[in-house]
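Notebook open, structure loaded. Jotting down what I look up as I go.

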Amino acid sequence: MAAIDNLPPLRDVIEKHGLSARKSLGQNFLLDLNLTAKIARQAGDLTACDVLEIGPGPGGLTRGLLAEGARRVLAIEKDDRCMPALSEISEAYPNRLEVINGDALEIDPLGHLTQPIRVAANLPYNVGTELLVRWLTPKEWPPFWESLTLMFQREVAERIIAKPGSKAYGRLAILSQWRADARIVLHLPPEAFSPPPKVHSAVVHLKALETPRFEADAATLSRVVATAFNQRRKMLRSSLKSLTPDIEDRLVAAGIKPTDRAEVVSLEAFCALAREMAKN
Ligand code: SAM
């Protein structure tokens, strides 16, 4: 197996710095640097881009991104035990890696990055979905990022690309497909990680659209779909009643049958409903 850089193998890095995986931080590390370089390539040509990486851990994907030519990487990692290992990567790639020790849910990275910006991450899934929703729902569009290349549990990846009528269709599908092109670009078995998780994983690539597919206010659309899919088996006239007493009229005005269930309603129709809900 060809080395992608002159740094030690990840197993040695983990042993040297005592980085035993912590379940509480969702730590399942990628140890194969050829695989991390392959994931980095899914983010496209990075030579003219800054990359925001969340959760670098011992730095497998970070090394992949740098070896694949990223102009600069800003990596945010919560676990301070990883800092010495990440410093070694910084030294091997002078002026190209900045590391922030902190919680990605609390840090605003924008002051540290220059456009164009792409995002790459292998994160615990709860942090990943929370960040994904935030990155997809800013008030203004286009967002700060051109693309997101993110590892998820396979089941979450399938929810992102799901179509109406399927079990996986819900809030993540609607928010992702409203403002981005989303596709699964890589499948990974549990053995790709150390320790292996219980489930399969997949890498999703989301490319930001210039303008959203249909007009809607992000906060309103988000609230409508979250409420609709919270009780996905119920008819919309009942699951959405808590939003407004005249929900039946608004559903009809948006071209949706009040007796439909959320899982059969298209993205376009949900956007029409969000526009109706935004009216007085
Ligand atoms: N990127 C590495 C890799 O692929 O081997 C590590 C992946 S591991 C699944 C997830 C990483 O995210 C861990 O290093 C963990 O400490 C870090 N992490 C977890 N929650 C975080 C948060 N809120 N902010 C930043 N990093 C976090």
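**Thr244**

I started with Thr244, which I find in the loop between helix 9 and helix 10 (247-253). This is a predicted model, so I keep that in mind for every entry. Is Thr244 buried or exposed? Its relative accessible area comes out at 10%, so I log Thr244 as buried, the cut-off being under 20%. Next I looked for polar partners: the side chain of Thr244 makes a polar contact with the side chain of Asp246, at 2.5 Å. Leaving aside neighbours within four places in sequence, I get contacts from Thr244 to Arg250 and Met277. I also checked a long-range pair: Phe29 is 215 residues from Thr244 in sequence, and their C-alpha atoms are 46 Å apart in space.

**Glu276**

Arg250 turned up again when I went to Glu276: leaving aside neighbours within four places in sequence, Glu276 is in contact with Arg250, Ala253 and Ala254. I place Glu276 in helix 11. With a relative accessible area of 16%, Glu276 is under the 20% limit and therefore counts as buried. What does its side chain pair with? I find a polar contact of 3.0 Å between the side chains of Glu276 and Lys279.

**Helix 8**

Then I went to helix 8, residues 218-230. I count 13 residues, and from first C-alpha to last the helix reaches 18 Å, close to the 18 Å expected at 1.5 Å a residue. Which of its residues are buried? I list Ala218, Thr220, Leu221, Ser222, Val224, Val225, Thr227, Ala228 and Phe229. As for what they pack against, I find helix 7 (171-179), helix 9 (236-239) and helix 11 (267-278).

**Domains**

I pulled up the domain assignment, which gives domain 1 as 10-208 and domain 2 as 218-277. How far apart are the C-alpha centres of the two domains? I get 32 Å between domain 1 and domain 2. For the contact between them, I have 14 residues on the domain 1 side and 15 on the domain 2 side.

**Arg118**

Next stop was Arg118, in strand 5 (residues 117-122). I note 17% relative accessibility; that is under 20%, so Arg118 goes down as buried. Where does the side chain of Arg118 reach? I find the backbone oxygen of Ala43 at 2.7 Å. The backbone oxygen of Asp45 also lies 3.4 Å from a polar atom of the Arg118 side chain. Not counting residues up to four places away in sequence, Arg118 touches Ala43, Gly44, Asp45, Leu46, Cys49, Asp50, Val51, Leu52, Glu146 and Ser147.

**Ligand**

I left the ligand for last. Which of the 21 residues around the ligand come nearest? I wrote down Leu30, Gly55, Glu77, Asp103 and Asn122. Then I checked individual atom pairs. For Leu30, a backbone N or O atom lies 2.8 Å from an oxygen atom of the ligand. For Asp103, the side chain is involved: one of its N or O atoms is 2.8 Å from a nitrogen atom of the ligand. Gly57 has a polar backbone atom 3.4 Å from a ligand oxygen. How much of the ligand does the protein bury? Taken alone, the ligand exposes 590 Å², and I log 98% of that as buried by the protein.

Terms used. Residues are numbered from 1 along each chain as its sequence is written. This is a predicted model: local features need pLDDT of at least 70, side-chain atom pairs count only at pLDDT 80 or more; totals for chains, interfaces and linings use all residues. Side-chain values use heavy atoms; hydrogens and water are left out. Helices (H or I, at least four residues) and strands (E, at least two) are DSSP runs, numbered from the N terminus. The expected span of a helix is 1.5 Å times one less than its number of residues. Buried means under 20% relative accessible area, exposed over 50%, partly exposed in between (1.4 Å probe, protein chains only). Contact means heavy atoms within 4.5 Å. A residue is near a molecule or strand if one of its heavy atoms lies within 4 Å of it. A polar contact is a pair of N or O atoms within 3.5 Å; within protein, one must be able to donate a hydrogen and the other to accept it, and residues adjacent in sequence count only if both atoms are side-chain atoms. Accessible areas come from the Shrake-Rupley method with a 1.4 Å probe; for residues, only the protein chains shown count as cover. Domain bounds come from an automatic or database domain assignment.
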